[in-house]
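User: I would like to go through this model step by step, with the terms spelled out as they come up. Please begin with its surface.

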Amino acid sequence: MTIALRMRYLPILALSLAACSGPYSEQTASAVGPAEDQPAEVRVERVEEGLIPEIVSANGELYAEEEATLGPKVPGRVAKLYVDLGDTVRAGQKLAELEKSDYEFRLRQAEALVSQTRARLGILDKADDAVTPEETAIVKQAAAELKEARFIFQTTNTLAQEGVLSKIDMEKAGVARDAAEAAYQGALEQVMQLRAELSERRAQLELIKQNLADCEIRAPFDGAVTERIASLGEYLPVNGPVVRVVRQHPLRLRLEVPERSAVRVRTGQRIEVRVEGLSETPAGRVVRISPAIDAASRSLLVEGEIPNPSGVLRPGAFAEGLITVNPDARGIAVARDSVLSFAGVERVFVVAGGKLEDRVVKTGRLLDGDRVEVVEGLESGAQVVRQVSDRLTPGEPARVL
C-alpha cells in the first residue's frame, strides 16, 4: 500500500517542482546571486609624504599695541567733536576742540607785554631780541651825565688848587661825579633787568601759544576710536577724558603655551591667528617670551606681533595661535571627506589587492585646502578612498574609477 501511495503522488510532486522552476524563481536567483559578486566602484587618492610644518597650538587674546584716553592739557568747554565711535584716525588728526576765545585774549595780552619791553629797550624795530647795553638810550643818557660830572670834577679840582674855588665846591663836584657813576651802573643793571624781563615775557607768550594749541585734541598715533566720552558744551578740567583711541596695526597676541611645548618656542617663529567667525588667517611673529613658567597654569606667556593693516582683527578678541616650531617637518595628509568618524574612532578605507581595507587612524590638525593631517595608521603610497561612506564593507571587492 505504501508503494502504491508513493506512485500515486509522483505526478503531483513533479508538477510542484516544475512550478518552482518558473520565471519568478529565475528573477530571484539573478537578483541575489550575481549581485553579491559585483565590486564597489570607488574613487581613490594616492597619498604621499609631504611638507607639513610642525606647530604648537595655544589659546590667547588680542591686545592693542597702544591705547590712550585723550583729554585736553588745558581747561575749557568743548566746542567741536570731529570723531565718534568706530572712526579710524591718523596720527596728528584733530579729534576735538575747546573754545579758544579766552586763550586768544591772553595771547594778545602777552604779545603786547613783549612789545612794551622791547620798546623800553629800544629794539622794537629789530627782528631779534639781541641787546647791547651800551647802545640803549638809558645807558647812553647815564654815560653822558657821568662824562659831564667827571669833567666838572676835574675843572673844579683845578680851580680849587689855584685858589679860585673853595674846597667845598670841590667836594660837591666829587659827590656829583660819584652819583653819576652810580647812575651809570644802575642804567646798566636796568637794561640787564629789562633783558631778563623780555625773556620771561617771551616764555609766557610761548606758553600761552601752547595753551591755545592745546585747545585742539589730536590723535597721538594711527588707530580707531573705541569710545567717545565727552559731549558738546561740556566743561572739561585738565586731562578730562574726551575720546579713547587704540592702535589697530599691529596688534599684540598673548598666548599661554603649555609647559610641555614651551621648550620649542623661539622668538621670530611664525604665528597664524584663528578667530571665531573670521575666514582669514592673519600671520605674524613671536616677539617676546616670558623668562618663567607660570606655576599656577603650568604655561609660558608668549607675545606675538600680528600685522592688521585692514583692521579685520579686533583688540580684546579671543584667538587661537598656531606657532610653527618646525617649518621643515614632513607628514601625510588626506582629504577631509576620506575620514569616517564613528563613536570617537576615525577610519579610512584603502584599496589593496582589489579589495577594501579599513584602517584606524589618528588625525592631527586641519590643513589648508580642506585636508587633514594623519598622524598614525597610514603609510605613504596607500590608495585612500575619497568620499567614503558607511555602506563600504572591509574585504569587499573594489574597482577604482
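User: What does the accessible surface of the protein chain come to, and what share belongs to carbon and sulfur atoms?
Analyst: This is a predicted model, in which local features need pLDDT of at least 70, side-chain atom pairs count only at pLDDT 80 or more, and totals for chains, interfaces and linings use all residues. Residues are numbered from 1 along each chain as its sequence is written, and side-chain values use heavy atoms, with hydrogens and water left out. By the Shrake-Rupley method with a 1.4 Å probe, where for residues only the protein chains shown count as cover, the accessible surface of the protein chain is about 24,700 Å², and the share of carbon and sulfur atoms is 51%.

User: What radius of gyration does the protein chain have, set against a compact globule of 401 residues?
Analyst: The C-alpha trace spans about 205 × 45 × 40 Å along its principal axes. The radius is taken over C-alpha atoms, and the globule rule is 2.2 Å times the number of residues to the power 0.38. A compact globule of 401 residues would come near 21 Å, whereas the protein chain has 50 Å.

User: Among contacts between residues at least 6 apart in sequence, what percentage join residues at least 24 apart?
Analyst: Contact here means heavy atoms within 4.5 Å. Counted in this way over the protein chain, for pairs at least 6 apart in sequence, the share that joins residues at least 24 apart is 74%.

User: Is threonine 136 buried or exposed?
Analyst: Threonine 136 sits in the loop between helix H3 (101–121) and helix H4 (137–161), where helices (H or I, at least four residues) and strands (E, at least two) are DSSP runs numbered from the N terminus. Leaving aside neighbours within four places in sequence, threonine 136 is in contact with Leu121, Val131 and Val191. Buried means under 20% relative accessible area, exposed over 50% and partly exposed in between, with a 1.4 Å probe and protein chains only. Because its relative accessibility is 5%, threonine 136 counts as buried.

User: Which residues does asparagine 308 touch, not counting those up to four places away in sequence?
Analyst: Asparagine 308 belongs to the loop between strand E16 (299–306) and strand E17 (318–326). Its relative accessible area is 2%, so asparagine 308 is buried. The residues that asparagine 308 touches beyond that sequence window are Gln248, His249, Pro250, Leu251 and Leu313.

User: Along strand E5 (residues 67–70), which side chains point to the buried face?
Analyst: In a regular strand the side chains alternate between the two faces of the sheet. E5 pairs with strand E12 (residues 243–246) in the antiparallel sense over four bridges, pairing being assigned if DSSP finds at least two bridges between two strands. Glutamate 67 stands opposite valine 246 in E12. Glu67 and Thr69 point to the face that is not buried, while the buried side chains on the other face are those of Ala68 and Leu70.

User: Which strands are the edge strands of the open sheet with the order E9-E8-E6-E11?
Analyst: This open sheet of four strands has antiparallel pairing. Each edge strand pairs on one side only, and the two are strand E9 (216–218) and strand E11 (235–236).

User: Which residue in the turn between E20 and E21 has a positive phi?
Analyst: Strand E20 (residues 345–352) and strand E21 (residues 355–367) run antiparallel over seven bridges, and arginine 347 has valine 360 as its bridge partner in E21. These strands form a hairpin with two residues between them, and the residue in the turn with a positive phi of about 65 degrees is glycine 353.
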